[in-house]
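Me: Please take a close look at one part of this model, the sheet, and then follow the description outward to the places where the chains meet. I would like a connected account, with the individual residues and contacts named where they help.

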There are 4 protein chains.
Amino acid sequence: MIPDIPTISANLSDPAPEFPWPNGASCAVFPAFDVDAETAWLQYDFKNVDRLVTMSFGAYEERVGIPKILDYLRAEEIKATFYIPGWVVDAHPKMCESIVKDGHEVGHHGYLHKRPDPADFAEDKEEIDKALDSLKRVLGVTPVGYRAPSGENYHELLGYLRDRGILYSSSFRDDIRPYRHKLRDGSRGPVELPVNVSFDDWLYGLSQRFSPRPMFPKEHVLSIWNGELEQTREWGGLVSMVMHPQVTGRPMRLGILRDFITRARSYGDVWIATGQEIAAHYIEQEKAAGL
Amino acid sequence: MIPDIPTISANLSDPAPEFPWPNGASCAVFPAFDVDAETAWLQYDFKNVDRLVTMSFGAYEERVGIPKILDYLRAEEIKATFYIPGWVVDAHPKMCESIVKDGHEVGHHGYLHKRPDPADFAEDKEEIDKALDSLKRVLGVTPVGYRAPSGENYHELLGYLRDRGILYSSSFRDDIRPYRHKLRDGSRGPVELPVNVSFDDWLYGLSQRFSPRPMFPKEHVLSIWNGELEQTREWGGLVSMVMHPQVTGRPMRLGILRDFITRARSYGDVWIATGQEIAAHYIEQEKAAGL
Amino acid sequence: MIPDIPTISANLSDPAPEFPWPNGASCAVFPAFDVDAETAWLQYDFKNVDRLVTMSFGAYEERVGIPKILDYLRAEEIKATFYIPGWVVDAHPKMCESIVKDGHEVGHHGYLHKRPDPADFAEDKEEIDKALDSLKRVLGVTPVGYRAPSGENYHELLGYLRDRGILYSSSFRDDIRPYRHKLRDGSRGPVELPVNVSFDDWLYGLSQRFSPRPMFPKEHVLSIWNGELEQTREWGGLVSMVMHPQVTGRPMRLGILRDFITRARSYGDVWIATGQEIAAHYIEQEKAAGL
Amino acid sequence: MIPDIPTISANLSDPAPEFPWPNGASCAVFPAFDVDAETAWLQYDFKNVDRLVTMSFGAYEERVGIPKILDYLRAEEIKATFYIPGWVVDAHPKMCESIVKDGHEVGHHGYLHKRPDPADFAEDKEEIDKALDSLKRVLGVTPVGYRAPSGENYHELLGYLRDRGILYSSSFRDDIRPYRHKLRDGSRGPVELPVNVSFDDWLYGLSQRFSPRPMFPKEHVLSIWNGELEQTREWGGLVSMVMHPQVTGRPMRLGILRDFITRARSYGDVWIATGQEIAAHYIEQEKAAGL
């Protein structure tokens, strides 16, 4: 009646190695945006495509959120990572081109923001391929990073992603340092840049009929974010953020990011970098260690 | 299996033009109330009409909320916009007349607060017409503004509203400046005065069995509202509020509005205006720009 | 398709008269407890009767909550109102006797805390009668006040309650002053001591599988409670509280009540009274006004 | 139609005796962790076993949470109690051994974290036995304490646990002092170390698709925890905590525990002890009192 102990992920991947950060940095902050636009709402019900007010939450990204975020990052000379679903690339090519033009990393985020599930491997592969095509065709981008839409993944898909050129994933919640996925067949999977669950802005700043949540002010969010940064820095870890332009691109919310980055920079030893840069550093250290 | 990219709203309407605000104002604040009264609860289950405690949440508006809000606005010499469902006009004529008598704008808010849906076009048209009749018959009002009940809308309904005399909508969440809707058939729709999602008092101040939400204190709400105002002012945008007399008409909640308006006025360059005034200003600028 | 406008409660009862409070008081605070004990959890699923940890949330009332609350009220020389379901009287006679012994008012709160519904009139009458019997038989009490379990009521039940000796109800959310119910048949119903929705401690201090809610600290609750009191006092109204011994009887939560009462007393002109006292004052004023 | 009054738990167990705490302590703080790891997510849907991001919330415990918590406890010379499901012992033997090696108490927490239910007695007994086997086989531990997974229990299971060597339970929410369970058949059950509902870190610090909750900062949690401690100390009670390494093992969250323990120690008379120690003290006092 009680199922046997399966081989679970935690038993497969080795512990995260304690590689040093570059240039003596004490820790890393990885500012990343999931540019879900309307797909955030189509995932609840595809009929939402004709429900224009619901869609307008996502449409905020092209009209306001992304331009304001790009302005801010340019002024601060920060390169960030933008995970963009293929559907968004096809529907908002100009917005996506403006991200590429500013030199930010563009990562893979599925096609229609479908949540991967072990039962849907055929469909999930189609999502991966269709999005790779959009990113290449519209933006000329071949992504090396992948963030799972709606936060889910499984062994077969990790292997498929690796085979399609994905060097790193940033979706798991199981560590505060990067590590290398080991897959069920014994092969090496992508590098993981694990996400800190507290840095998802959706938990604090957006409420809609399909996602009814309380809204929290700046002091609330900054207390959590600054507290996580302070301790992660002492532990020498990585802070991977999960922001959404339809949240953090709102007027007051952008100020939260601004204050957080100011705080991170005030330490003088926090490395602010893209997923691609952090993964490349990890792979370099891994090679140096002969792993 | 993956649906094709539809033509979505965001691709239809042009970007919001950066028209100046009148008299050198830096931004606009648009105080607006959705006078849902009992319809807020009838929408969950029409049998609630006989559930008197549930109904009493809405009945608060005629007995206390509206009188106290009108007192406040009169003392501060502020004109606001009140979106009133036709059913509320018919059920609470004296309350609605007191709003008109004070010179506030009365806008369209459906009849029974039914949420518009693309699948219900026939029914939704009936809601529009029945409410137009109530507003005219009871209050002598022909509304020029429309706020979608429960925040939903679609192309066909936007066209229908325009054809029925609606000059502006205030329902979408996709911008921080007014813009002109462009409809699927290529025609011009109403002007949009987009709503700031943080200014819905329902998110902070009301909890009931049919809508169980946490309650938040003044400091919490003001931190969000003042923060949104501060940054929206720097961006030259519009703050469209979504208040409900059964929330903001409660004793402590009215103090939140009072403090927020005091803060807005303290800048000296914030234009506090009704939807009708803001839409008229937009249309004037649009004509001047030859659009 | 759209229903006709029914005669709704708000159209029946007259506005609340602006009677003065006794002895020049500026407003009234009415400390009241719903002693739901285990019935709070039986209402979700009667099988909970054998789920002992779920039941233990309610059992806290006899073991700790009520004794601590009674100690506090005795020390402060405050008389409060306790609405006790008949089932709780039968299951916890000693606890209920200790309430009576301290001279507090005991009010009617249904038998099994069943939520009244217009569709259940026969069953609801049985609940009323069975609870009257328990209160009389076990405690020797004939209640004059009624608070609707789970906050619901309807015209027929209000009439039935009046006919069974109930002089006042404290359940509606539609006013900040007491008023007299007018029933559908034109007759006079009980007096209403309307409840302030912010004063339900369940919204801030209890989380359980069947009622998963966030927990809030003292500063959060006191900001809301003190703010409501301050403005209600300026408006000359009534603050009717809805506390539960399984919430406010918890260690830190009792301190919230203590600080709130201290604040109320510091004004020097706030009348702290039981429901029975407030209803009697209302009826006296009503007679004096010839109503 | 209305059910008869059943014999409920509250009527069976005697009131908690007011035994003194050891060495003149004013109250006791009982730091306890539910090491649910992946079982926290398998309980929603066993298919989650292949949903690796969902599983990764639990996997955080072995990779980061437990090592960091053990470091902290070692530095502070505190012994705590860890309730570990049998499945977690089998899946994470090294992690569990590190807990035992540091001298902490290991308690029973079911096998697959299945919530006990009176309808499942046969299955629940299997859970108990299978977990006893894992704890003995892998860790060499024979537990004397039991915390009910997902907070539920019933008379038959309490008797079964006692017969399997369980001396105390820490699951009920009905008191602020330890007491002895009395079972339906009149026999003595285990001692209860009742849980303070405010000390479940899950209510403040974790949000996931299967458990979507708001996140709260340190000041919020400490206000509640310190407030509960202050008053519980005045009442001479017990603070039983319910922490989870996948929550309190997160960077900022560990600081909350640290600050709380610092506060508790600053009183100079708070006894910080394991469940086993507190239960042993209770049993000793019970014997001394001839009960």
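Reply: In this predicted model, chain B holds an open sheet of three strands, arranged in the order β9-β1-β10 and paired in parallel. The edge positions belong to β9 (238-240) and β10 (270-272) of chain B, each of which has a single partner strand, so one side of each is left without a neighbour in the sheet. Direction ignored, neighbouring strands of this sheet are turned against each other by 20 degrees on average. Where β1 of chain B, residues 27-30, meets β10(B), the two strands run parallel and are joined by three bridges, and within that pairing A28(B) stands opposite W271(B) of β10(B). A helix packs on this sheet as well: α11 of chain B, residues 251-266, touches β1, β9 and β10 of chain B, and its direction makes about 135 degrees with that of β10(B).

Turning to chain A, one finds three strands forming an open sheet with parallel pairing, in the order β9-β1-β10. At its edges stand β9 (238-240) and β10 (270-272) of chain A, and because each has a single partner strand, one side of each is left without a neighbour in the sheet. The average turn between neighbouring strands of this sheet is 20 degrees, direction ignored. For chain A the pairing to follow is that of β1, residues 27-30, with β9(A), since these parallel strands are joined by three bridges; here V29(A) has V239(A) in β9(A) as its bridge partner. The helix to consider on this sheet is α9(A), which packs on it with contacts to β1, β9 and β10 of chain A, and whose direction makes about 140 degrees with that of β1(A).

A database annotation gives this part of chain A a wider setting. The unreviewed UniProt entry lists residues 51-273 of chain A under "domain: NodB homology". In the model, that span is 49% helix and 12% strand, and its end C-alpha atoms lie 38 Å apart.

From the sheet of chain A the helix α9(A), which packs on it, leads on to the interface with chain D. This contact takes 48 residues from chain A and 43 residues from chain D, and it buries an area of about 3900 Å², of which 64% comes from carbon and sulfur atoms. The charged part of the interface between chain A and chain D comprises four salt bridges, including one in which the side chains of E152(A) and R209(D) meet with an N to O distance of 2.8 Å. Residue pairs in polar contact across this interface number 16, with both residues at pLDDT 80 or more. On the side of chain A that touches chain D, two or more residues come from each of α1 (9-12), α7 (155-163), α8 (202-205) and α9 (218-235) of chain A. It is α9(A) that gives the most to this side, with eight residues.

Chain D has a further interface, with chain C, where the contact takes 43 residues from chain C and 48 residues from chain D. Between them chain C and chain D bury about 3900 Å², with 64% of this area on carbon and sulfur atoms. There are four salt bridges across this interface, among them the one that D117(D) forms with R51(C), whose closest N and O atoms are 2.6 Å apart. The polar contacts between chain C and chain D amount to 16 residue pairs, both residues being at pLDDT 80 or more. The elements of chain C that give two or more residues to the side touching chain D are α3 (52-76), α4 (86-91), α6 (121-139), α9 (218-235) and α11 (251-266), and α3(C) gives the most to that side, with eleven residues.

Two chain pairs remain to be described. Chain A and chain C are joined by no contact, and their closest C-alpha atoms lie 10 Å apart. Chain B and chain D are without contact, with their closest C-alpha atoms 10 Å apart.

How values were computed:
Residues are numbered from 1 along each chain as its sequence is written. Chains are lettered from A and ligands numbered from 1 in the order in which they are written. This is a predicted model: local features need pLDDT of at least 70, side-chain atom pairs count only at pLDDT 80 or more; totals for chains, interfaces and linings use all residues. Side-chain values use heavy atoms; hydrogens and water are left out. Two strands pair if DSSP finds at least two bridges between them. Helices (H or I, at least four residues) and strands (E, at least two) are DSSP runs, numbered from the N terminus. Axes are lines fitted to C-alpha atoms, for helices over the stretch in contact, and angles run from 0 to 180 degrees between N-to-C directions. Contact means heavy atoms within 4.5 Å. UniProt positions are given in the numbering used here, feature names are shortened, and annotations may be inferred rather than shown by experiment. Buried area is the accessible area (1.4 Å probe) that two parts lose on being put together, summed over both. A polar contact is a pair of N or O atoms within 3.5 Å; within protein, one must be able to donate a hydrogen and the other to accept it, and residues adjacent in sequence count only if both atoms are side-chain atoms.
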